[in-house]
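User: Please take a close look at one part of this model and then place that part in the wider setting of the chain. A single connected account would suit me better than a list.

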Amino acid sequence: MNPENKVHLKVLMLDASSGFYRLERYRVGDFFGPVDLGIHLAYKHNSLTFGGGLLAGSVFPGSNRLIFCGISPCWHGIYVSSMGGAALVFDNLGINMVSILGKALRPSMLYLNRIHGEEIEVELVEVVPEKLWESGRLGVYGEMEAAMAIFSERYETDPRVLAVGPAALYTDFGAIASAPIRKGILTPVDTWAGRGGFGTKLLQEHGIVGIIYGGTHIDEDVAERSVVDRWFEDKYHQRMAAKDLDATTKYRYDPKFNTGGTFGVNYASMDTNILAFNYRSIYWSEADRRELHRRFILEHYLKQFNEETIQTKQQKTCGEPCAAVCKKLNGIYKKDYEPYQAMGPLCGVFDHRAAERLNHRADTLGFDAISVGGVLAWLMDCIDEGLIEPEALGVDRKPRWDMQGFDVIEDSSYNAELGMALLDEMVRPEGRIPLQFGARKFARAQTRKRGRRVMDLFVHNAFARQGWMVPNQYWTPGVLAPMAISGKYYMVYGREFIEPRELGRRNARRMIQELMLDNLGLCRFHRGWSEELMPEIIEKIFGLKERFLEAVRLTASRITSRNAAVFWESERNIDIVHAFLKDKKEIDHIDDPELDRWLDRFEKEKHSAAFDFWYEMHKGAHEVLRDFPA
């Protein structure tokens, strides 16, 4: 098959200011998916684009992620965010993407439907966001339920709803939430396009509170299952289902750790790499960190998770058929590592009842969970150190962060209550924590009033003048690297020591691989086979392997050409890297002259060494991601 002149990406272009829309076609080969085409449209129209990949709705497992692309209101550069399973229903519209430009005159819900072979129905319906958020289960969940109540009778099959919460109205890092719907009932398996603040963009820049979509349009599948099985057998001597089962072991159940999912496996294997109390644990001794991990994680936080979720097999998919069943639940609460880490140990919360309340409040309000967890931990740290009075932030207590006599249940609950009060203050019209222009700008204002120490405690990656992002919750220099997109896995987040220039190169190669998966709408949990096999599959189906690979590399280069990463503004960022290097030497006993050289430099002049370490990572990335590599 050579579809170069036959296959196109079909994009619904919607002008929210007028409600007018049209269908545009872009040839596959010029563009390949929601990332490279999304970037093109973002730079041309400042649009928010979302859609599925070329393989959406196909037999390939993990191929139904809904990919969002645009200029991020919190990062201030191009950003890519993805949502599990949501492209499966989107594929029933018979299009690849939607691109929203302009702003609705009043807050509106976008309705999309396609019944069999008819034209897509597009309608903007005025709503009052506050009424949606105050209904039913409140916040994003109330909005999803309200959208179903208004529109569900128009659909022949279950639709899907994208919703934003109050965080999208009052901050620059509101997320977009969704959950699979089964027989007209909203399930508890909420999935998120969290990173990048696209909920804020959808509401503040386009005037859209939520989107409901679905349909009955059926496309011809890109490949039959029997044919795909032959491709897998030729490569791996296994059928697709068997290979995918092996590749997703960690996310389902890993017998090596007697647990499963990102929460279970990460906490089971963490040992002394625990990050707690706004990263203060990096300063602790090996023995103290191991004791914290044993008492509060292994014997309580992880133990609860294993007993309540793993042993009872409360696990679901994100909405598509998938062997990973990575959504680990306890009733209505979904347990992923990074949210339950950022609003868990990072905030001094080590008990699931407390973490559930705090995480659920943040989710209900529609926050990016990782970023808001980092902001909460920072504010709690500032209160605990006496840098900011509780009353100045609209709360009435200090956190309980003293490990001497810490009660894992009572004190976790107390800290979670403080966290919830701070969250509520962020979404009040006259709240004491104004984050319309982001946490970094707020930190600057507090630093001018209260001293440099306030900014030094705020762990974040900085971009351009106001852009910011709380890093992924792993103790490794890669998460703090000056990449053009931060907060995703466009970097190396393993624990091995890699000298910074080489780390930058590996980050760049990782970015290329992750972009390839995002542009195809593929879940990274299936990367054990998809990174290797997907170029071959693109060749077999579309005959465009080399053009596809070149497009991915050029997309990474294009993003990097606008890299405005700023050197670490927080002292604690520097200390995270320095402490990591010391751990490699003192605990892991790594014998490496490069490690010794960097340790010596950090010990002699920490700030000068940090500058050079940061710039070496920057150089390494640019060496790989130039438009015309040497």
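Analyst: **One residue and its surroundings**

L203 sits in helix α6, which covers residues 198-205. The model is predicted, and every value below is computed from it. L203 has a relative accessible area of 7%, so this leucine counts as buried, the cut-off for that class being under 20%. Setting aside neighbours within four places in sequence, its contacts are K103, W133, V164, A168, L169, I208 and V209. For one of these residues, L169, there is also a backbone distance: the C-alpha atoms of L203 and L169 are 6.8 Å apart, with their positions 34 residues apart along the chain.

A second leucine gives a contrast in cover. L549 belongs to helix α20, residues 545-560. Its relative accessible area is 31%, which makes L549 partly exposed, whereas L203 is buried. From L549 to I538 the C-alpha distance is 9.7 Å, at a sequence separation of 11 residues.

Another region that repays a close look is helix α10 and the loop that follows. Helix α10 runs over 261-269, and the loop leads from there to α11, at 286-310. Of the 9 residues in α10, 7 are buried, so the helix is mostly covered. The buried ones are G261, T262, F263, G264, V265, N266 and Y267. What do these buried residues pack against? Their partners are the helices α9 (249-252), α11, α12 (337-342) and α13 (352-365), together with the strand β16 (327-330).

Directly after α10 comes D271, with a positive phi of about 55 degrees. Two aromatic residues in the loop have the sign of phi in common with it. F277, which is not a glycine, has a positive phi of about 55 degrees, and its place is in the loop between α10 and α11. Y279, also not a glycine, has a positive phi of about 70 degrees and lies in the loop between those two helices. Both side chains come with little accessible area: F277 counts as buried because its relative accessibility is 2%, and Y279 counts as buried because its value is 4%.

Y283, further along in the loop between α10 and α11, falls in another class. Its relative accessible area is 44%, so Y283 is partly exposed. Beyond its neighbours within four places in sequence, Y283 is in contact with R572 and D575. The C-alpha atoms of Y283 and A579 are separated by 7.2 Å, although these residues stand 296 places apart along the chain.

The cysteines can be treated briefly. How many disulfides does the chain have? The count is 0. C322 takes part in none, and the nearest cysteine sulfur, that of C326, lies 6.3 Å away. For a disulfide, the sulfur atoms would have to be within 2.5 Å, which means that a separation of 6.3 Å does not qualify. C322 counts as buried because its relative accessibility is 19%, a value under the 20% cut-off. C326 is likewise in no disulfide; its nearest cysteine sulfur belongs to C318, at 6.0 Å. With a relative accessibility of 14%, C326 also counts as buried.

As for the wider setting, the chain holds 23 helices and 20 strands. Its 630 residues would have a radius of gyration near 25 Å if they formed a compact globule, and the value of 24 Å for the chain agrees with this. The C-alpha trace spans about 65 × 55 × 50 Å along its principal axes. Buried residues make up 64% of the 630, and L203 is one of the buried ones. Among contacts with a separation of 6 or more, 68% join residues 24 or more positions apart. The exposed surface comes to about 23000 Å², of which carbon and sulfur atoms supply 50%. The chain carries 80 positive and 88 negative charges, and the mean positions of the two sets are 2 Å apart.

Technical notes
Residues numbered from 1 in each chain as written. Heavy atoms only, no water. Helix = DSSP H or I, 4+ residues; strand = E, 2+ residues; numbered from the N terminus. Rg over C-alpha atoms; globule rule 2.2 N^0.38 Å. Buried < 20%, exposed > 50% of the residue type's maximum accessible area, 1.4 Å probe, protein only. Contact = heavy atoms within 4.5 Å. Areas by Shrake-Rupley, 256 points an atom, 1.4 Å probe, with all protein chains shown as cover. Lys, Arg positive; Asp, Glu negative; His and termini not counted. Charge placed at Lys NZ, Arg CZ, Asp CG, Glu CD.
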